[in-house]
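Here's a quick briefing to read with the model open beside you. Have a look at the structure first, then work through the points below.

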Amino acid sequence: MAELHIIGQIVGASGFPQNSLFCKWGIHTGGAWRLLSGLKEGQTQVDLPSTGDMAYWSHPIDIHYTTKGLQGWPKLHLQVWHQDSFGRCELYGYGYCHVPSSPGHHHVSCVTWRPLGSWQEQIAQTFVGGGPQLRSPDLIYSGADRYRLHTVAMGTVELELGIIMRHFDRYGVES
Amino acid sequence: MTANSPSVFLLMINGQIEGANFPEYDDLYCKYCFVYGHDWAPTSGLEEGISQITSKGRDSPHRLVWNFPLEITFKSTNPLGWPQIVVSVYGPDTFGNDVVRGYGATHIPITPGQHTRTIPMFVPESTSRLQKFTSWLLGRRPEFTDPKVVAQGEGREVTRVSSQGFVTLSFNIVTKDMKRLGYDTTATETTHTHTHPVAAGFGPGNQTLSM
């Protein structure tokens, strides 16, 4: 059985309308993968940067998977939320990226998007905040029913991921 | 040394905490410590340290330089719990009390070679404006009771922080026996090396065996 280690961190995010951000993240895999140890989902701290525009979380990720097949390679999905000074939370973006499939150190920039409502909802959103959210987070990383959505681009999440693979070459896998 | 089937691999770290970039603060010192999983153990070197106090120079107004050495070697059976370095920076406030200016953490690089990392530093935020004022007045800012919390993922969702500076570290990494145990940390163009027993057991690199 081959093993995969994902060792890295969610560094931070930039390009969003406001700065006080946090991120909920999770890793989704196919049926052949089994999580041996580590947390596969979590939520970062809320960061209000005092200098600059980028919010920094430095949230560590350390996960160990074992697998019987290449299908269902792990995908990291993210939801970026904004917390204002009153403690209310508002969704700022959804995004996903595949975990890199070659060993070594990788810098990944994950783009994010937010669902766009009707023009009445957009006007309400500029005054009151809030806005449409996905009912089920599966749509973040699956392409199945995406054609029904109309979305708008939001900022970027930066991640630094180190990948260690074990025994993949025994099965003839080149990566 | 067991030449045939090692059960542990080694990770040797030579590096330094080069310095910091804090636009608003001066006269800072830093402390570092390593956080690692249950399968890891340090075999030599120092796990913690405190640096000197440094000030900003005249010619490069934002840079603070520590040039503080890091030398440590770990052994492990499993990459889970790969070591992280936690850096905390402290400095004086307007009344002369020693307060925390930032916490930051990063994983030690997993591939052999030379690496530079710039990590953001953040401080916990006070929960209310009154508390922010009293902590400024009395010199008792919110801080983490154990800086190692910064290296963990659990429990972070209830913390509010403010990021306010960066620390630059550089590392030189050497690994031993990771390839023999089956771990690949570099991509496939070097796989031809593991059919040759010569120099196996030292850190993998692209330099060998162009025979």
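What follows covers the aromatic rings, the cysteines and the enclosed space. Keep in mind that this is a predicted model. In brief, a search of the whole structure turns up zero disulfides, there are 18 aromatic pairs over all chains, and one cavity reaches 30 Å³ or more.

**Aromatic rings**

- Start with the pair formed by Tyr32(B) and Phe68(B), which is edge-to-face, with 5.7 Å centre to centre and 65° between the planes.
- This pair ties together distant parts of the chain: Tyr32(B) belongs to strand β2 (residues 29-35) of chain B and Phe68(B) to strand β5 (residues 63-76) of chain B, 36 residues apart.
- Both partners are tucked away: Tyr32(B) counts as buried at 4% relative accessibility, and Phe68(B) also counts as buried, at 15%.
- Tyr32(B) and Phe68(B) also belong to a cluster linked by ring pairs, along with Phe9(B), Phe34(B), Tyr36(B), Trp40(B), Phe74(B), Trp82(B) and Tyr183(B).
- Elsewhere, Tyr25(B) has a charge over its ring: the charged end of Arg101(B) sits there, 3.8 Å from the ring centre.

**Cysteines**

- If you were hoping for a disulfide, the count over all chains is zero.
- Take Cys89(A): the closest cysteine sulfur is in Cys23(A), 13 Å from its own, so the two are too far apart for a bond.
- Cys33(B) is in no disulfide either, as the nearest cysteine sulfur, in Cys30(B), is 11 Å away.
- The surroundings of these two cysteines are worth a look as well: Cys89(A) is partly exposed, with a relative accessible area of 42%, whereas Cys33(B) counts as buried at 10% relative accessibility.

**Enclosed space**

- As background, rolling a probe the size of a water molecule over the atoms shows where empty space is left.
- Here, one cavity makes the 30 Å³ mark, and the largest cavity holds about 40 Å³ of space.
- Which residues line the largest cavity? They are Leu91(A), Arg114(A), Gln125(A), Gly130(A), Gly131(A), Pro132(A) and Gln133(A).
- That lining divides into two nonpolar residues, four polar and one charged.
- The charged one is Arg114(A), while Leu91(A) and Pro132(A) make up the nonpolar part.

Methods:
Residues numbered from 1 in each chain as written. Chains lettered and ligands numbered in written order. Predicted model: local features only at pLDDT ≥ 70, side-chain atom pairs only at ≥ 80, totals over all residues. Heavy atoms only, no water. 1 Å grid on protein atoms, 1.4 Å probe; cavity = no way out; pocket = protein on both sides within 12 Å on 5 of 7 lines; lining within 4 Å. Points joined across faces, edges and corners; volume = space filled by probe spheres on them. Disulfide = S-S within 2.5 Å. Buried < 20%, exposed > 50% of the residue type's maximum accessible area, 1.4 Å probe, protein only. Phe/Tyr/Trp six-rings, centres within 6.5 Å; stacked < 30°, edge-to-face > 60°. Helix = DSSP H or I, 4+ residues; strand = E, 2+ residues; numbered from the N terminus. Lys NZ or Arg CZ within 6 Å of the ring centre and 35° of its normal.
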